[in-house]
Amino acid sequence: RSQQTIHFLDSSKIDIHYIPHHISHASSFFCSPFEEAAVLVTDAFGEKHSVTLYEGRGNRLETIWSQEFPHSLGSFYSVLTAYLGFVPSSEEWKLMGASSYGDSEKYYEQLRTTIQLNDDGGFELDLTHFNHYQFYRPLMFTPKLSQLLGIMPRKEGEPLTQNHYDLAAAAQRVFEDTYFHLLSHLHKKTGMNKVIISGGSALNCVANGRVLEQTPFEDIFVSPVPDDSGGALGAAYYLYNHILGAERDFILTSNYLGPGFTNQEILDFLNNSGVPFTLLDDPGKTAAEMIADGKILGWFQGRLEYGDRALGNRSILADPRDPDMKTKVNATIKYREDFRPFAPSILLEKIDEYFENAVPTPFMEKALRFRPEKHKIIPAVTHVDGTGRLQTVSKEQNDLYWNLINEFRKITGIPIVLNTSFNLKGEPIVCTPKDALRTFFTSGLDALFLGNCLVKKQ
């Protein structure tokens, strides 16, 4: 510590701007492609609010309505996440994935009674069933919820039964009822045809994929970081545009904003590590050939993605045609539950051939329905409900990844690869070549592509 140099600011005045939590979320409007849009922010809570509605125009963002905690859609979903034995505020995507395996009718009517949808567009939770607002709580729910549902809470690690899947389906359905209620109210208040959705609840890609069908909105934007991980970015956008009055000059078309490594840096690392490797002229073509041959690959290229979704720079890739591939990747590489689905990365030009009501989905932010005739062709990325949480890939967004998928298309006729984040269960997405190499050697991956270098296991 004695060797560190401490630098003091020369200025005697520092302007500090406090940006409220929900405004930070809503400011994803400023990096959207829309000049005007309605904005919904819904999460557990930010300060005292759980839902806020905005109008975005140009470089201005105006609040039009809000609802206060503890009547919270995000908290409702977290309570049911905890009830099903998952970790609340962390593993909500497990509830979402499990919901497709259940029949919502079994618990829907009971669970629906816990939320009242109000004429003013808001909603109220029946707080006699919930305990999420008591922050010293041992549990997020009361015994009355168990009495209502007629099923005891699942303990972490216990097997998932069909009753648990049915409850997950009911929770997802009630969530969507409320989500679309808020959005319909937002459209009625603003009259706008485009919508931004942000806050932690916007990570619910199943609901996002149904917004254009279930509400009057005609277009939707969900950033790759709608949750709290995008708060700093949103705060900076709000200060730059709304407070300082700068003209909007940036549209977020990719989220490759993290650290990157040159091929020379990767070469130096591999040479110093002593790991044998092969230098490739066309890594995308070689990778496509290996995927078509049934191999599961680690794919490490360019700059790290910002957010929870790996979009072809820090990805694990596999063949979507293999009906056993989902189970194999979950069991031998990701070490996670078998009901968890994987994403189809698809060439943007081909989405209409594979998806109903297809729209560009560059950030894996929506689950859309596959055309029924495609289910048997790509079973590894077709969820049990016939949907896929897709990523559309364009040459402009990621030329190298687009080329890999296109080479796979040339070999197989399929313009899709299975994509999941390059990490093991409980670990962050790999950031450095060292992270990638460690994950490669401690999992069932067959090969690792680091830039232009190919590493195989001996």
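**Exercise 1. The end of a helix**

Task: In this predicted model, find the residue just after α6 that takes a positive phi, and then describe the helix before it.

Solution. Start at the end of the helix: Gly191, just after α6, has a positive phi of about 70°. Now step back into α6 itself, which covers residues 162-190 and has 29 residues. From the first C-alpha to the last, α6 reaches 42 Å, close to the 42 Å expected at 1.5 Å a residue. Finally, look at its surroundings. With buried taken as under 20% relative accessible area, 22 of the 29 residues of α6 are buried, so the helix is mostly covered.

**Exercise 2. Reading a sheet**

Task: Work out the strand order of the open sheet that 5 strands form, and say which strands are at its edges.

Solution. Lay the strands out side by side: the order is β3-β2-β1-β6-β7, and the pairing is mixed. Next, look for strands that pair on one side only; these are β3 (60-68) and β7 (219-221), the edge strands. On average, neighbouring strands of this sheet are turned by 20° against each other, direction ignored. Then zoom in on one pair. Strand β1 (residues 36-46) runs in the parallel sense with strand β6 (residues 194-198), and 4 bridges join the two. For a handhold on β6, take Val195, which has Ala38 opposite.

**Exercise 3. Enclosed space**

Task: Count the cavities of 30 Å³ or more, and describe what lines the largest cavity and the second largest cavity.

Solution. A helpful thought first: rolling a probe the size of a water molecule over the atoms shows where empty space is left. Here the count comes to 2 cavities of 30 Å³ or more.

- Largest cavity: the space is about 80 Å³. Its lining has 15 residues, and Ser28, Ser223, Val225, Gly230 and Gly234 lie nearest the centre. Two or more lining residues come from each of α1 (21-26) and α9 (231-243), and α9 gives the largest share, 4 residues. By class, this lining has 5 nonpolar, 9 polar and 1 charged residues.
- Second largest cavity: the space is about 60 Å³. Among the residues that line this cavity are Cys205, Ser223, Arg309, Phe363 and Glu365. The class count is 8 nonpolar, 2 polar and 2 charged residues.

As a last step, compare the lists: Ser223 lines the largest cavity and also the second largest cavity.

**Exercise 4. An open pocket**

Task: Identify which elements supply the lining of the second largest pocket, and which of them gives the largest share.

Solution. Begin with the volume, about 510 Å³. The lining of this pocket has 24 residues, with Glu176, Val206, Arg210, Arg369 and Thr387 nearest the centre. Sort the lining by element: α6, α7 (205-208), α8 (211-214) and β12 (367-369) each supply at least two residues. The largest share, 4 residues, comes from α6, the helix with Gly191 just after its end. Sorted by class instead, the lining divides into 7 nonpolar, 9 polar and 8 charged residues.

**Exercise 5. One residue in its setting**

Task: Is Ile291 buried or exposed, and how far in space is Ile291 from Val417?

Solution. First place the residue: Ile291 sits in helix α11 (residues 283-292). Its relative accessible area is 0%, so Ile291 is buried. Then turn to the pair. Ile291 and Val417 are 126 residues apart in sequence, while their C-alpha atoms are 8.3 Å apart in space.

Terms used
Residues are numbered from 1 along each chain as its sequence is written. This is a predicted model: local features need pLDDT of at least 70, side-chain atom pairs count only at pLDDT 80 or more; totals for chains, interfaces and linings use all residues. Side-chain values use heavy atoms; hydrogens and water are left out. The expected span of a helix is 1.5 Å times one less than its number of residues. Buried means under 20% relative accessible area, exposed over 50%, partly exposed in between (1.4 Å probe, protein chains only). Two strands pair if DSSP finds at least two bridges between them. Axes are lines fitted to C-alpha atoms, for helices over the stretch in contact, and angles run from 0 to 180 degrees between N-to-C directions. On a 1 Å grid over the protein atoms alone, a cavity is a set of points where a 1.4 Å probe fits but cannot get out, and a pocket is an open set with protein on both sides within 12 Å along at least five of seven lines; lining residues have an atom within 4 Å of a point. Grid points are joined across faces, edges and corners, and a volume is the space filled by probe spheres set on the points. Ala, Val, Leu, Ile, Met, Phe, Trp, Tyr, Cys and Pro count as nonpolar, Asp, Glu, Lys and Arg as charged, and the others, Gly among them, as polar.
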